[in-house]
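Subject: The structure you asked about

Hi,

Here is the structure for you to look through. Open it up and keep it next to this email while you read.

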Amino acid sequence: MTVTDRPLRADAQRNREKLLSAATAAFAAQGEDVALETVAACAGVGIGTLYRHFPNRDALVVAAYRHEVDALCAAAADLLAGRPADEALRAWTQRFADYVATKRRMGNALRSAAASDSPLFAKTREEIMGALRLLLDAGAASGTLRGDVDPKDFMRVINGIWYLPDGPQWREDVGRMLELVIDGLRYGVPDRRPQAAH
């Protein structure tokens, strides 16, 4: 076990989580060039604490990206625990859009930071596909979504949506397109709502 593999003390773990949340929010709001001092200040810690956890900008960028992917994937099961599967998928795709928006703002910083770790994107794609598969399978099993949808096909469709023209309306436009995709997955599913007595 290396030094970096040791579990963090509770206070150090809290600081790390605060830094990752602050970094994600800062990248989303200000883009890839946000100052690390700004991230530390937003997290309520000193710059030295940031550097103890993340020795350079690349390390912070990759960790923030991983943090976002982990949260996105964990959200699938959390959403299914409290909603019908079609509604859980709908909420998850909106969260996915927020994740993509953050990833776009990180842009070149993420590509540069991950250049020496090419398996990163393949691994995260696999994890996201697993979360999507969980949602689609639950929808098919409950009868709220079509059962003939391959997760890869679903991903191909929504990957196209991310390429809508950039600008202030991007997130709103993406949201509307995702609603159409979810409606398409409900198409042909028997109506399970209680029928009024005649």
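Before anything else, one term: when I say two residues touch, or are in contact, I mean that they have heavy atoms within 4.5 Å. Take Thr-124, which sits in helix α6. Leaving out residues up to four places away in sequence, Thr-124 touches Tyr-65, Arg-66 and Val-69. Thr-124 is also buried, with a relative accessible area of 1%. Please keep in mind that this is a predicted model.

Now the overall picture. The protein chain has eight helices and zero strands, so from the N terminus on you just read α-α-α-α-α-α-α-α, as helices and strands are numbered from that end. The chain has 198 residues, and 40% of them count as buried. About 11300 Å² is exposed, with carbon and sulfur atoms supplying 54% of that. If you take the contacts with a separation of 6 or more, 70% of them are between residues 24 or more positions apart.

Next, the inside. Which residues touch the most other members of the largest nonpolar core? They are Leu-89, Trp-92, Phe-96 and Trp-162, in a core of 58 residues. The elements giving two or more residues to this core are α1 (10-30), α2 (36-43), α4 (57-82), α5 (85-114), α6 (119-142), α7 (151-161) and α8 (170-186). Helix α5 provides the largest share, 13 residues. Have a look at Trp-162 in particular: not counting residues up to four places away in sequence, Trp-162 touches Phe-96, Ala-97, Val-100, Arg-104, Trp-170, Val-174 and Leu-178.

Stay with α5 for a moment. At 1.5 Å a residue, a straight helix of 30 residues would span 44 Å, yet α5 spans only 34 Å between its end C-alpha atoms. Follow α5 along and you will find a bend of about 80° at Gly-107. Another residue to click on in α5 is Thr-102. Thr-102 counts as buried, at 7% relative accessibility. Setting aside neighbours within four places in sequence, Thr-102 is in contact with Thr-24, Ala-28 and Glu-68.

Then there are the charged pairs. How many salt bridges does the structure hold? There are 15, and three of them make good examples.

Start with Glu-127 and Arg-66, which form a salt bridge with their closest N and O atoms 3.0 Å apart. Glu-127 belongs to helix α6 and Arg-66 to helix α4, so this pair ties together parts that are 61 residues apart in sequence. Are the two partners buried or exposed? Glu-127 is partly exposed, with a relative accessible area of 23%. Arg-66 has 18% relative accessibility and therefore counts as buried, because the cut-off for buried is under 20%. You have met Arg-66 already: it is one of the residues that Thr-124 touches.

The second example is Arg-90 with Glu-179, whose side chains meet in a salt bridge at 2.9 Å, N to O. This pair links distant parts of the chain, with Arg-90 in helix α5 and Glu-179 in helix α8, 89 residues apart. Arg-90 is partly exposed at 29% relative accessibility, and Glu-179 is partly exposed with a relative accessible area of 24%.

The third example stays inside one helix. Glu-172 and Arg-176 meet through their side chains in a salt bridge, at 3.9 Å from N to O. The two residues are four apart in helix α8, so about one helical turn separates them. An α-helix has 3.6 residues a turn, so residues three or four places apart point the same way. Arg-176 is partly exposed, with a relative accessible area of 43%.

Some salt bridges share partners, and these join Asp-86, Glu-87, Arg-90, Glu-179, Asp-183 and Arg-186 into one network.

One last stop is Gly-143, in the loop between α6 and α7. Gly-143 counts as buried at 11% relative accessibility. Try picking out Gly-143 and Arg-186 together: they are 43 residues apart along the chain, and their C-alpha atoms are separated by 9.0 Å. Arg-186 is also one of the residues in the salt-bridge network.

Happy browsing!

Terms used. Residues are numbered from 1 along each chain as its sequence is written. Side-chain values use heavy atoms; hydrogens and water are left out. A nonpolar core is a set of buried Ala, Val, Leu, Ile, Met, Phe, Trp, Tyr and Cys residues joined through side-chain atoms within 4.5 Å. Buried means under 20% relative accessible area, exposed over 50%, partly exposed in between (1.4 Å probe, protein chains only). A salt bridge is a side-chain nitrogen of Lys or Arg within 4 Å of a carboxyl oxygen of Asp or Glu. Accessible areas come from the Shrake-Rupley method with a 1.4 Å probe; for residues, only the protein chains shown count as cover. The expected span of a helix is 1.5 Å times one less than its number of residues. The bend at a residue is the angle between axes fitted to the seven residues ending there and the seven starting there.
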